[in-house]
Each structure stands twice: as C-alpha cells, then as structure tokens.
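This report describes the empty spaces, the disulfides and one helix of a single protein chain, with attention to the residues that surround each feature. The sequence and the coordinates come before the discussion.

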Amino acid sequence: MKLCISVLSVVLVLLFVSAVPQLAAKNVKKPQATVVRAADLLSFDHYLKTCPQAEGIIQQKTGDWIQKDFTLAASIIRLHFHDCAVRGCDASILLNHQGSERRAFASRTLRGFQVIDDIKAELERQCPKTVSCADILTSAARDATIIAGGPFWQVPFGRKDGRISISREADSVPQGHENVTALIEFFQARGLNMLDLVTLSGAHTIGRSSCSSFKYRLSNFNGTRKPDPSLNSMYLNNFLKKKCQKDLDLIYLDAITPKTFDTQFYSNLHKKLGLLSTDQLLKSDVRTGPFVAALASQPSLFESQFAVSMVKLGNVQVLTRPNEGEIRVNCNFFNA
C-alpha cells in the first residue's frame with residue numbers, strides 16, 4: 001500500500017513538473033515584432049552633417065519670395081497639402097511632365113513652384129544631391145506659416161522624392177464642393193482625423209480661391225434658381241457678385257482679415273461668410289461644428305493644434321527607406 005502511494009506521488013510530481021513549462025508558456029506573452037513606420041525614420045538632425053545650412057537656406061529664400069508677394073505664403077502651404085494628399089509627401093506635385101499631377105485640371109491654380117525651384121538650385125550649389133524636394137516643400141510650408149504670423153514647429157527631415165506622378169490622381173483632392181462625409185473619409189484615408197480636417201482648413205485664414213470653385217453658390221444653387229441659403233446675402237450681393245466676373249478671378253477666403261494668420265476664418269463661418277461650401281459646412285455639421293466653435297474662441301488652441309496637424313500632414317506616406325524614392329537634382333524632373 002505504501003509502495004502504491006509512493007509510486008502515485010512520484011507520478012503526480014512528474015506530471016506537475018512536465019506541465020510547468022506549458023503553463024508558463026501560456027502565461028508569458030511572446031515579444032511582438034517592432035513595426036517601424038516610415039515616418040519614424042525621419043529625424044530633426046538628418047542634415048546635420050551633410051548639409052547643416054539647409055534649414056537656413058530654405059527659410060531665407062522662402063522669406064525673400066513672400067516679402068515680394070505675400071500671397072505666396074498661402075500658396076506654398078496649399079502646394080504642400082496637394083503634394084501630401086496624393087501618394088504622400090513625396091514632391092510628386094512638383095514633377096512637370098505630360099500626365100503628371102501638376103498638369104491636372106485640379107492643379108491649374110497651384111502656385112509657388114518657382115519658390116521651390118529657387119531654393120533647390122541654391123541647395124544644389126551648396127550641398128549637391130543631398131536635400132530632397134519633399135523636405136524642401138515641407139520645410140517651406142512651415143516657414144511660410146511663420147512669416148504669415150502663424151506658429152512654429154520642428155520639421156523632421158529625411159523624406160525621399162517619389163518617381164510616380166499621375167494626373168488623374170490629383171483630381172481626387174478636395175476642390176471646395178464636397179460634403180463633410182467625403183472630406184472626413186479623405187482625411188482618414190491619410191491618417192488624419194476630424195480635428196486635423198477642421199484645423200488645417202484654418203489655413204484658409206490667409207488663402208484665396210478662384211471663383212470657379214464657388215460660383216455655383218451664387219445663383220441657381222442645386223437647381224433652385226436661388227443662391228446658396230448658407231451664404232450671407234450682403235456678402236453675396238455687395239461683394240461676390242461684383243468681384244467674380246471670370247472663373248479664375250481670385251477672392252480671399254477670409255473676408256475680414258485676409259492677410260492675418262488668425263481665427264477670424266472660423267468666426268466668419270458663424271456669420272455665413274464661408275466662401276467655399278466645404279468651409280461653411282464644417283460649421284453646420286454636427287461632427288465638425290464643435291471643433292469650429294472651439295477654435296474660433298481659442299486662438300492659442302488653434303495655433304498649437306495647427307502645428308500638430310501640420311506635422312501629421314508632413315508625415316503622410318513618406319518615402320524614407322533605402323529602396324524607396326530618390327533625391328532629385330531638379331525638382332521638376334526624375335533623375336536620369
């Protein structure tokens with residue numbers, strides 16, 4: 001009897017010992033592989049050794065151009081957005097060949113290309129084949145914001161220039177007549193949320209729009225034979241109808257303080273002074289309206305969030321890995 005109990009004890013001990021590793025294996029979490037995002041490979045000191053003067057050159061050149069023509073500040077910011085909105089921030093909007101994004105109908109009013117060309121030429125003289133066009137455009141957009149009176153933020157560098165630019169893809173960029181759902185989905189597809197949508201729309205505080213983007217609001221709106229009811233009637237009759245004679249005539253998006261980087265753009269939406277229907281709808285839509293109200297009443301919130309959202313925009317689908325993209329010698333063309 002004692003022998004049986006002893007044998008049984010040994011068996012139980014052996015079973016327990018053999019089970020311990022299995023129990024431990026179930027309780028111990030396997031280390032997960034670290035996923036490195038492309039944007040994680042960007043860094044603030046990317047050009048520290050290869051071209052330490054890069055940021056200074058970009059800042060100086062951008063300032064020189066805007067000093068001659070203040071409207072270029074908004075144009076450079078817009079150019080950056082159009083670049084990042086299609087295939088990410090890869091300077092594909094700068095490529096100038098038949099069938100490129102730059103040649104698209106949606107890109108016909110884009111400006112600022114000569115600013116980037118001037119900056120690139122100087123950088124090629126001082127640091128040949130080193131600074132990408134994508135980094136130049138991203139940094140110039142930051143500098144344009146500051147010169148216009150907006151906030152500062154650090155720009156991480158290390159983007160490569162893309163080798164694909166397709167005209168029809170540029171037509172997917174919002175043109176001022178989409179509904180809010182379409183805008184939200186467009187931004188979400190690029191890793192940007194509703195707050196980013198409303199905040200980045202605030203760049204319209206210094207921008208201009210061609211009449212072709214909103215003329216359908218001035219009369220026979222949606223086939224009603226009447227103007228858009230969400231458009232201020234005095235603004236419509238006393239200003240817009242007089243100023244918009246041709247499709248490419250330009251009107252400031254902020255009717256009150258068009259040359260000041262501030263929150264007046266959001267306040268205007270409460271007075272039905274949103275020039276683009278996409279802007280005005282941000283105020284009336286229950287999903288985005290609270291953000292409009294918050295940014296309109298808190299300038300410091302707008303400035304800090306604008307910096308955050310611009311960093312996120314500048315990180316969209318960047319090319320940073322060794323087998324991706326190139327450093328163009330001329331921003332208008334692929335390298336030979």
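How does the lining of the second largest cavity divide by class into nonpolar, polar and charged residues? The model is a predicted one, and in it this lining has eight nonpolar residues, no polar residues and one charged residue. The residues concerned are Phe81, Cys84, Ala85, Phe186, Phe187, Arg190, Leu192, Leu313 and Val316, and the charged one among them is Arg190. Helix 3 and helix 7 each supply at least two residues of this lining, with the largest share, three residues, coming from helix 3.

**Cavities and pockets**

The structure holds two cavities of 30 Å³ or more. The largest cavity is lined by His80, Thr138, Trp153, Gln154, Val155, Pro156, Arg159, Met310, Val311, Gly314 and Asn315, and its lining comprises five nonpolar, five polar and one charged residues. Helix 13 gives the largest share of that lining, three residues.

The volumes of the cavities and of the two largest pockets are listed below.

| Space | Volume |
|---|---|
| Largest pocket | about 990 Å³ |
| Second largest pocket | about 160 Å³ |
| Largest cavity | about 60 Å³ |
| Second largest cavity | about 30 Å³ |

The largest pocket is lined by 42 residues, and those nearest its centre are Arg78, His82, Pro174, His204 and Leu276. Two or more residues of this lining come from each of helix 3 (72-85), helix 7 (180-188), helix 8 (194-201), strand 1 (208-210), helix 11 (277-284) and helix 13 (299-314), and helix 3 gives the most, with six residues. By class, the lining of the largest pocket consists of 21 nonpolar, 15 polar and six charged residues.

The second largest pocket has a volume of about 160 Å³, and of the 14 residues that line it, Arg217, Asp228, Ser230, Ser277 and Leu281 are the closest to its centre. Helix 10 (264-270) and helix 11 are the elements that give two or more residues to this lining, the largest share, five residues, being that of helix 11. The lining of the second largest pocket divides into four nonpolar, six polar and four charged residues.

**Disulfides**

A disulfide is a covalent bond between the sulfur atoms of two cysteines. The structure holds four disulfides, and when the bonded cysteines of the protein chain are numbered in sequence order, the pairing reads 1-4, 2-3, 5-8, 6-7. Three of these links are described here in turn.

Cys51 and Cys127 are joined with an S to S distance of 2.1 Å, and their link is right-handed, with 75° about the S-S bond. This pair connects distant parts of the chain, since Cys51 lies in the loop between helix 1 (2-27) and helix 2 (54-68) while Cys127 lies in the loop between helix 4 (113-126) and helix 5 (133-147), 76 residues apart. Buried means a relative accessible area under 20%; Cys51, at 1%, therefore counts as buried, and so does Cys127, at 4%.

In the disulfide of Cys84 and Cys89, the sulfur atoms are 2.0 Å apart. The torsion about its S-S bond is about 115°, so this disulfide is right-handed, and both Cys84 and Cys89 are buried. Cys84 also belongs to the lining of the second largest cavity.

Cys133 and Cys331 form a disulfide with sulfur atoms 2.1 Å apart, and because the torsion about the S-S bond is about -100°, the link is left-handed. Here too distant parts of the chain are linked, Cys133 being in helix 5 and Cys331 in the segment after helix 13, 198 residues apart. Both Cys133 and Cys331 are buried.

**Helix 12**

Which residues of helix 12 (residues 289-297) are buried? They are Gly289, Val292, Leu295 and Ala296, and because they cover an arc of only 130° around the axis, they are on the same side of helix 12. In an α-helix there are 3.6 residues a turn, so residues three or four places apart point the same way. Pro290 and Ser297, on the other side of helix 12, are exposed. The buried residues of helix 12 pack against helix 8, helix 10, helix 11 and helix 13.

How values were computed. Residues are numbered from 1 along each chain as its sequence is written. This is a predicted model: local features need pLDDT of at least 70, side-chain atom pairs count only at pLDDT 80 or more; totals for chains, interfaces and linings use all residues. Side-chain values use heavy atoms; hydrogens and water are left out. On a 1 Å grid over the protein atoms alone, a cavity is a set of points where a 1.4 Å probe fits but cannot get out, and a pocket is an open set with protein on both sides within 12 Å along at least five of seven lines; lining residues have an atom within 4 Å of a point. Grid points are joined across faces, edges and corners, and a volume is the space filled by probe spheres set on the points. Helices (H or I, at least four residues) and strands (E, at least two) are DSSP runs, numbered from the N terminus. A disulfide is a pair of cysteine sulfur atoms within 2.5 Å. Buried means under 20% relative accessible area, exposed over 50%, partly exposed in between (1.4 Å probe, protein chains only). The arc is that of the directions from the helix axis to the C-beta atoms. Contact means heavy atoms within 4.5 Å.
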